[in-house]
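Got a minute to look at a model with me? I'd like to go through how its labels are earned.

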Amino acid sequence: LSRDAALVCVAGAFRAAAVSTVGIIIALHLARSGLAASEIGLVIGLGMAANAAATVLVMLRMGAILGA
């Protein structure tokens, strides 16, 4: 494994840990705000869907810019 590849793996691990931590913090905040478990799941699910949609839009836009 090259140094660059190792750095990418470590950065990915830190990003995954950060995303997981934020998910837990958001769920705890929503629970303390009085939302039911199903409502918390809906909020988090909508956030994940919006993130996926944004990723697709950026991918399509970059493909158009780069001529792919």
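The radius of gyration here is taken over C-alpha atoms, and the globule rule is 2.2 Å times the number of residues to the power 0.38. Keep in mind that this is a predicted model.

Q: What makes the radius of gyration of the chain stand apart from that of a compact globule?
A: With 68 residues, a compact globule would come out near 11 Å, but the chain has 17 Å. Its C-alpha atoms fill a box of roughly 45 × 30 × 15 Å along the principal axes.

Q: What secondary structure does the chain have?
A: Two helices and zero strands.

Q: How do you know what span to expect for helix 1?
A: You take 1.5 Å times one less than the number of residues. Helix 1, residues 3–32, has 30 residues, and its 44 Å from first C-alpha to last is close to the 44 Å expected. After helix 1 comes Gly34, with a positive phi near 100 degrees.

Q: Why is Leu60 called buried or exposed?
A: Exposed takes over 50% relative accessible area. Leu60 has 53%, so Leu60 counts as exposed. You'll find Leu60 in helix 2, residues 37–66.

Q: What makes up the nonpolar surface patch of about 420 Å²?
A: That's Val56, Leu57, Met59 and Leu60. To join a patch, a residue needs over 30% relative accessible area, and Leu60 has 53%.

Q: How much of the chain is buried?
A: Buried means under 20% relative accessible area, and 4% of the 68 residues are buried. The accessible surface comes to about 5500 Å², with 74% belonging to carbon and sulfur atoms.

Note on methods
Residues numbered from 1 in each chain as written. Predicted model: local features only at pLDDT ≥ 70, side-chain atom pairs only at ≥ 80, totals over all residues. Heavy atoms only, no water. Helix = DSSP H or I, 4+ residues; strand = E, 2+ residues; numbered from the N terminus. Patch = residues over 30% accessible without salt bridge, like charges linked within 9 Å, V, L, I, M, F, W, Y side chains within 5 Å. Areas by Shrake-Rupley, 256 points an atom, 1.4 Å probe, with all protein chains shown as cover. Salt bridge = Lys/Arg side-chain N within 4 Å of Asp/Glu carboxyl O. Buried < 20%, exposed > 50% of the residue type's maximum accessible area, 1.4 Å probe, protein only.
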